[in-house]
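Reader: I would like to study this structure step by step. May I put a series of questions about it?

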Amino acid sequence: MISQKAKYALRALLALSHQAADQPLLIAEIARRNRIPRKFLEQILLELKHHGLVASRRGQAGGYLLLRPAADLPIGEVLRLIDGPLAPLPCLSKMAYRPCADCQDVEQCEIRRVFAEVAAATRAILERRTVADLAAPDGGAETNTVSG
C-alpha cells in the first residue's frame, strides 16, 4: 500500500499539472481543492522541491509549479521519493537491497521467486505510468489490466 503522504503528493502534482506551465498554484488552493491538510502539504511540497520535481515562486503571483511536464513524471519516481523502495521484500529492492533476516539463501528462497515477479510487474507499471496518466479521464487505462 502507498502511504497517505504519497497519495497527497500525487494529488498535489496532479493539481499542478492542470496549471499552465508559467502559472504557479498557491498551497492554500491545492490544499482546499484536494482536501489536504495545509501544514502536511507544505512539508510534502518542500520535499518535492528538494528532489527537483516542483519549484516555488514568492510574491503576489507566487506558488508552486511543476519543473517537468506531468508526462515526464513517473508515478514510481514519486512513490520512491515519498515512501521509499517499491519492492515488497527488502531482498528485492533495487535502491535499498538487504537480505531478509530469516533467509538462509536468497537465490533459493521460494517466497522471493514469486514476489520477484510481483515487484517486476509493479515497477514496470509504475515507471511507465505518469502523473499525466492520472489526469486522463480513464486514468490512462491500458488494455492489459490485471483484475483483482
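Reader: Is arginine 80 buried, partly exposed or exposed?

Author: The model is a predicted one, and the values given here are computed from it. Buried means under 20% relative accessible area and exposed means over 50%. Arginine 80 has a relative accessibility of 24%, so this residue counts as partly exposed.

Reader: Which side chain meets that of arginine 80 in a salt bridge?

Author: The N to O distance in this salt bridge is 2.4 Å, and a salt bridge requires such atoms to be within 4 Å. Arginine 80 lies in helix H4 and its partner in helix H5, so the pair ties together parts that are 47 residues apart in sequence. The partner is partly exposed, with a relative accessible area of 33%. The side chain that meets arginine 80 is that of glutamate 127.

Reader: Which parts of the chain does the salt bridge between lysine 5 and glutamate 47 tie together?

Author: The closest N and O atoms of lysine 5 and glutamate 47 are 2.8 Å apart. Lysine 5 is partly exposed at 25% relative accessibility, and glutamate 47 is partly exposed at 21%. The two residues are 42 positions apart in sequence, so their salt bridge ties together helix H1 (residues 4-17) and helix H3 (residues 38-50).

Reader: In which helix do lysine 39 and glutamate 42 both lie?

Author: Lysine 39 and glutamate 42 form a salt bridge, with their closest N and O atoms 3.8 Å apart. Lysine 39 counts as exposed at 61% relative accessibility, whereas glutamate 42 counts as partly exposed at 23%. The two residues are three residues apart, about one turn of the helix, and both lie in helix H3.

Reader: How many salt bridges does the structure hold?

Author: The bridge between lysine 5 and glutamate 47 is one of them. Others take part in a network, in which Glu29, Arg32 and Arg33 are linked. The number of salt bridges in the structure is eight.

Reader: In what order do the elements of the protein chain run from the N terminus on?

Author: The protein chain has six helices and two strands. Writing α for a helix and β for a strand, the order from the N terminus on is α-α-α-β-β-α-α-α.

Reader: Is glycine 63 buried or exposed?

Author: Glycine 63 belongs to strand E2 (residues 63-66). Its C-alpha atom is separated by 6.5 Å from that of isoleucine 27, although the two residues are 36 residues apart along the chain. The relative accessible area of glycine 63 is 8%, and the cut-off for this class is under 20%. Glycine 63 is therefore buried.

Reader: What share of the residues in the protein chain is buried?

Author: The protein chain has 148 residues. Its C-alpha atoms fill a box of roughly 60 × 35 × 25 Å, taken along the principal axes. Glycine 63 is one of the buried residues, and the buried share of the chain is 36%.

Reader: Which residues form a nonpolar patch on the surface?

Author: The residues of this patch have about 330 Å² of accessible area together. One of them, valine 114, lies in helix H5 and is partly exposed, with a relative accessible area of 48%. The nonpolar patch is formed by Ile111, Val114, Phe115 and Val118.

Reader: Which elements give two or more residues to the lining of the second largest pocket?

Author: The second largest pocket has a volume of about 230 Å³. Its lining consists of Met1, Ile2, Leu79, Asp83, Gly84, Pro85, Leu86, Thr122 and Leu126. By class, six of these residues are nonpolar, two are polar and one is charged. The elements that give two or more residues to this lining are helix H4 (75-83) and helix H5 (110-128).

Reader: How much space lies in the largest cavity?

Author: Rolling a probe the size of a water molecule over the atoms shows where empty space is left. The largest cavity is lined by Arg80, Pro85, Leu86, Ala87, Ser93, Lys94, Met95 and Arg123. This lining has four nonpolar, one polar and three charged residues. The space in the largest cavity is about 50 Å³.

Terms used. Residues numbered from 1 in each chain as written. Predicted model: local features only at pLDDT ≥ 70, side-chain atom pairs only at ≥ 80, totals over all residues. Heavy atoms only, no water. 1 Å grid on protein atoms, 1.4 Å probe; cavity = no way out; pocket = protein on both sides within 12 Å on 5 of 7 lines; lining within 4 Å. Points joined across faces, edges and corners; volume = space filled by probe spheres on them. Helix = DSSP H or I, 4+ residues; strand = E, 2+ residues; numbered from the N terminus. Nonpolar A, V, L, I, M, F, W, Y, C, P; charged D, E, K, R; others polar. Patch = residues over 30% accessible without salt bridge, like charges linked within 9 Å, V, L, I, M, F, W, Y side chains within 5 Å. Areas by Shrake-Rupley, 256 points an atom, 1.4 Å probe, with all protein chains shown as cover. Buried < 20%, exposed > 50% of the residue type's maximum accessible area, 1.4 Å probe, protein only.
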